[in-house]
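Let's take a walk through this structure by following its charged side chains. Have a look at it first, and then we'll go pair by pair.

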Amino acid sequence: MDKSAQRRFSEGLLQYLNDSPTAFHAVENAVKLLRDNGFKELAEKEQWSLEQGGRYFVVKNMSCIIAFTVGGGRLEEEGFRIIGAHTDSPCLKIKPGTCTVTPEGYVKANVEIYGGAILSTWFDRPLAVAGRVIVKEDGILKEKLIRIDKPVFILPNLCIHFHREVNDNCSYNKQTEMLPLMTMKEEGMAKEDYLLDLIDKETGIHKEDIWEFELFLYEYQKGIFTGSKEEFISASRIDDLAMVYAGLTALSEAKDSGKPFKVFAAFDNEEVGSASAQGAHSGFLMHILNRICKNLGFTDEAYFRAVANSLAISADTAHAVHPNYSDKHDPENRPVLGGGPVIKYSASQRYSTTALTAACFMEACAKAGVPCQKFVNRNDLAGGSTIGPAISSLTTIPTVDIGIPMLAMHSVREFGAGIDNVYTQQAFRAFYEGEV
């Protein structure tokens, strides 16, 4: 990929990040990308009729998507080539009841913390709101996505004069100190109407028709290129939408070798444990793989053989060595920005990587002509986890955990190198094209 193509890919990624403030919007934009590349939507509730060479996708809960291609090889011998990622990111989620009003007349959003957010990074940033509302039209409940892309909320810091310890690694009370300001009280206005009136005004959805909602606050400021050569990306939700975008584009662009069946899965709720119908700990992926086999006329025996011959990549982000906190990393395994995708290891099985699956991904990188790196936590620091252990344990498919190196993970605004996304997408293409 030449420099201009690399730039176009990075611009496409940045646009995807900016256009996807919630998991619902990430899937909506994934659907658009897939349809533009010849993929056809299937519904779980309807009968399927798959064809050789066909391109398909299935959506669950509007926040999880599995896309796949029907290869021409012997599935029981070639198996599936699977890449998995997740659509959700740490954020502030609006609670039922929507708002609270203080005696002084401040109207605040009543929120809870979704995932392991770095709370301090949410202060003093204009925040917008987006998500899903359930409305009743003509007697039928319907789902609608909304996005009010305006700086409606803000979470003001307490001044240093009242909080002298603010620079001394202080913590925040999630119930009392993390409620963003929306407006000032209006006479005669009920507290539950402030947000619903805003939705009514900005979206045209009548508040009387709204039965329920799942709404999230997100940073209003869009992602940008930064650095002296614009080699870095500063944006929200790099974890893990960067891997979603790399997987989607790799699946769409991979040459059809006629052998392995290619699968891409983007699950919801990874940041809170994946234990949902649309999460990686559900049976959704297994159901889709089994359904593909049964629809093509394969026996149970052939399905089990196909699974045994399959290989999966769990694609999440990884920790680059921080320039100001280099002692937080293992002394021998030190990924850097721009050094290529990172293979993640964990003796405690927080990551699913084995020697064999790591070697397979290293081979994909070699075939694509891109570098790769390795990450292991310091022994005295607990690490996070990914969808990798869920995929490998539920499906029994050997899985490798990888991700682009980045800084400021779980901040409202994260940071990485554009070239690492390019490298990873190229490795994904080699993996899908059956060169591993």
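A polar contact, as the term is used here, is a pair of N or O atoms within 3.5 Å, where one must be able to donate a hydrogen and the other to accept it. Keep in mind that what you're looking at is a predicted model.

Start with Arg-132, which you'll find in strand E7, running over residues 127-137. Is Arg-132 buried or exposed? Its relative accessible area is just 5%, and the cut-off for buried is under 20%, so Arg-132 counts as buried. What does its side chain pair up with in there? One polar contact, of 2.7 Å, joins it to the side chain of Glu-143, and another, of 2.3 Å, joins it to the side chain of Glu-214. Leaving out residues up to four places away in sequence, Arg-132 also touches a list of others, including Phe-24, Asn-61, Met-62 and Leu-145.

Now for salt bridges. Side chains of opposite charge can pair when their charged atoms come close. How many salt bridges does the count come to? The answer is 21, and a few of them are worth a stop.

Take Lys-222 and Asp-149, whose closest N and O atoms are 3.2 Å apart. Lys-222 sits in the loop between strands E10 (210-219) and E11 (224-226), while Asp-149 belongs to strand E8 (residues 140-153), so this salt bridge ties together parts that are 73 residues apart in sequence. Both ends are partly exposed: Lys-222 has 25% relative accessibility, and Asp-149 has a relative accessible area of 29%.

Next up is the salt bridge between Asp-193 and Lys-207, with 3.7 Å between the closest N and O atoms. Here Asp-193 is in helix H4 (residues 193-203) and Lys-207 is in the loop between H4 and E10, 14 residues apart. Lys-207 is partly exposed too, with a relative accessible area of 23%.

Where do the side chains of Glu-253 and Arg-429 meet? They form a salt bridge of 3.6 Å, N to O. Glu-253 is part of helix H5 (residues 238-253) and Arg-429 is part of helix H10 (residues 418-432), so the pair ties together parts 176 residues apart in sequence. Glu-253, at 38% relative accessibility, counts as partly exposed.

Last stop: salt bridges can share partners, and that is how Arg-7, Glu-11 and Glu-230 are joined into one network.

Note on methods: Residues are numbered from 1 along each chain as its sequence is written. This is a predicted model: local features need pLDDT of at least 70, side-chain atom pairs count only at pLDDT 80 or more; totals for chains, interfaces and linings use all residues. Side-chain values use heavy atoms; hydrogens and water are left out. Helices (H or I, at least four residues) and strands (E, at least two) are DSSP runs, numbered from the N terminus. Buried means under 20% relative accessible area, exposed over 50%, partly exposed in between (1.4 Å probe, protein chains only). Contact means heavy atoms within 4.5 Å. A salt bridge is a side-chain nitrogen of Lys or Arg within 4 Å of a carboxyl oxygen of Asp or Glu.
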